[in-house]
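Q: I have a sequence and a model open in front of me, and I should like to learn how to read such a fold feature by feature. Could we go through it slowly, taking the general idea before the particular case?

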Amino acid sequence: MSIVNEVKNTIDEKEKLIESVNQKIWEFAELAFQETKSMNLYLDLFKKEGFEVKTNLANIPTAFQASYGNGYPIIAILGEFDALPGLSQKSGIDEKSELVSGGSGHGCGHNSLGAASFGAVLAIKEYMSKNNLSGTVRFLGCPAEESGYAKTFLSRDGILDDVDAAFTWHSSDMNRAWSVGSLANLSVGFSFYGKTSHAAAAPHLGRSALDSAEIMSVGVNYLREHIIPDARVHYAYEDVGGSAPNVVQSTARVHYYIRAPKNYQVQEIFERVKDIAKGAALICGTETSYEIYAGVSDFIPNRTLTTLLHESMVEVGAPEFSEEDFKLANKFYNTLNQGDKNTVLNQLTTIYGHEKAKEIIEKSLHTEIEPLVFSNTHLSGSTDVGDISYVVPTAQMTISTIALGTPHHTWQMTAQGNTSIALKGVKTAAASMALATIKLLNDNDLIEKSKEDLKLDTNGEYICPIPSDLKPKLDQYGE
Ligand SMILES: [Zn+2]
């Protein structure tokens, strides 16, 4: 039997188990660093399947790994499982309707992300044991992707140092190997310290921290014109020094994200933003300091591994959706406004031409594998897979689990994460990653080639964007 058929058979046999993982984690909907139930579910299942588990990676209570096999090469499949606050939604319902009032939900499909990676390692294990294939496959349980960037800590602390290659994927409305970069990002809090006084009776005695924060914002907004156009700088006020207009504000804090296509570009802009903060403090007679909260590197799609993953996707084929799936997807497609629908049409037209694009849109689901094209462009968001991609050759893909145009981090995305559409995407993702991994385990030259690619891309250098003593914000959503 061909490898692809062996892999597909195992995944079909394990379908109920994979489906229950997808569903349970969708129901748990645990927030960053609180994913205890989700982790325990995985740990129990992996132990039953004969995997060796290790927990508390990089001192993060919900970071874990489960390994099967012996020696090298070691191939990691990354699995995320964190949810988002405020995105609770009933399954399969095409209008906003909370499942749990004010509850969290899997508005980025990370329940499916982990479930497919779980399915992939089970299929790889089965193949390895049947065919006496040596090497190790490892599920790397990666918490807090949405808020906390746990993978940066895992990369910084050497958790992947013995790993030879890594694969992962993400729920999406398109089937495509991920051949572009993503933005590096630094999350920094700037604080200002002034002096309170009565704002009417003795304003001359006060020094306003809030004034400094406002001047800093003005300065940064002027800076925007003189940085590379692909960079993104945005901020939110975390502390405005109270709500009384008659008290000069003695404290203020602004939270910045500084994003750019490459780590070093973020660092250059960060230096200039620091200067602006210093200037704003000088103008107002206040003091300033900063604290790095978190950071991620840009994603480097490894050429050799991305090509291998793409070929595996083609061999596995796109998810085979039913008429019912198309009908359900169409309902969600119709929750989009005309502008968003036009964007979908434009994107598909760029890839397939107008006629074919219209044909795809009629089904409301992507049923093709997008051709692989490498380019120097990047997505406008950030992912902590970026840091993994600096320390280990890494490839990822997106697989169709949602209606065309469904925006991430929305109730529509939560609503579709536990449907038969999602399950078909999960099985396809699992099979594609399993096939790519088995091919890699069988071909040491490919592993060496992927390592050469990484050296070319990074000069063999990984400068972690976060300080060596920074601890993850485990309690960001309370205890
Ligand atoms: Zn996500």
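**Reading the sheets, helices and spaces**

A: Let us begin with a sheet in this predicted model, where 4 strands form an open sheet with antiparallel pairing, in the order E8-E9-E7-E10. The edges are held by strand E8 (232–239) and strand E10 (287–296), each of which pairs on one side only. From one strand to the next, the twist averages 20°.

Q: Which strand pairs with E8, in what sense, and over how many bridges?

A: The general idea is that strands of a sheet pair through backbone hydrogen bonds, either parallel or antiparallel. Here E8 pairs with strand E9 (residues 251–260) in the antiparallel sense, over 7 bridges, and within this pair His234 stands opposite Tyr257 in E9.

Q: Which helices pack on this sheet?

A: Helix H6 (residues 209–223) packs on the sheet and touches strand E7 (184–193), E8 and E9, with a direction that makes about 20° with that of E9. Helix H7 (residues 263–284) packs on the sheet as well, touching E7, E8, E9 and E10, and the direction of H7 makes about 10° with that of E7.

Q: What is the strand order in the sheet of 7 strands, and how are its strands paired?

A: That open sheet follows the order E1-E2-E4-E3-E5-E11-E6, and its pairing is mixed. Strand E1 (52–54) and strand E6 (176–177) stand at the edges with a single partner strand each, so one side of each is left without a neighbour in the sheet. An example of a parallel pair is strand E3 (residues 74–80) with strand E4 (residues 135–142), joined over 7 bridges, where Ala76 stands opposite Arg138 in E4.

Q: Across which strands does helix H8 lie?

A: Helix H8, residues 303–316, lies across strand E5 (165–172), E6 and strand E11 (394–400), and runs at about 30° to E11.

Q: Where in the loops should I look for backbone features, and what is the peptide bond from Tyr72 to Pro73 like, cis or trans?

A: The peptide bond from Tyr72 to Pro73 is cis, with omega near -5°, and Pro73 has its place in the loop between strand E2 (64–70) and E3. A second residue to inspect is Asn56, which lies in the loop between E1 and E2 and has a phi near 55°, a positive value in a residue other than glycine.

Q: How many cavities of 30 Å³ or more are there, and which residues line the largest cavity?

A: The count comes to 1 cavity of 30 Å³ or more, and the volume of the largest cavity is about 30 Å³. Its lining is made by Gly109, Ser112, Ser171, Thr401, Ile402, Met413, Gln416, Gly417 and Ala422, which by class gives 3 nonpolar, 6 polar and no charged residues.

Q: What volume does the second largest pocket have, and which residues lie nearest its centre?

A: The second largest pocket holds about 410 Å³ of space. It is lined by 20 residues, of which Lys262, Ile300, Pro301, Ser375 and Asn376 lie nearest the centre, while helix H15 (residues 444–458) gives the most to the lining, with 3 residues. Sorted by class, the lining of this pocket has 7 nonpolar, 7 polar and 6 charged residues.

Q: How does the radius of gyration of the protein stand against that of a compact globule?

A: A compact globule with 479 residues would have a radius of gyration near 23 Å, and the protein has 24 Å, which agrees. Along its principal axes, the C-alpha trace spans about 85 × 50 × 40 Å, and the secondary structure of the protein comes to 15 helices and 11 strands.

Terms used
Residues are numbered from 1 along each chain as its sequence is written. This is a predicted model: local features need pLDDT of at least 70, side-chain atom pairs count only at pLDDT 80 or more; totals for chains, interfaces and linings use all residues. Side-chain values use heavy atoms; hydrogens and water are left out. Two strands pair if DSSP finds at least two bridges between them. Helices (H or I, at least four residues) and strands (E, at least two) are DSSP runs, numbered from the N terminus. Contact means heavy atoms within 4.5 Å. Axes are lines fitted to C-alpha atoms, for helices over the stretch in contact, and angles run from 0 to 180 degrees between N-to-C directions. On a 1 Å grid over the protein atoms alone, a cavity is a set of points where a 1.4 Å probe fits but cannot get out, and a pocket is an open set with protein on both sides within 12 Å along at least five of seven lines; lining residues have an atom within 4 Å of a point. Grid points are joined across faces, edges and corners, and a volume is the space filled by probe spheres set on the points. Ala, Val, Leu, Ile, Met, Phe, Trp, Tyr, Cys and Pro count as nonpolar, Asp, Glu, Lys and Arg as charged, and the others, Gly among them, as polar. The radius of gyration is taken over C-alpha atoms; the globule rule is 2.2 Å times the number of residues to the power 0.38.
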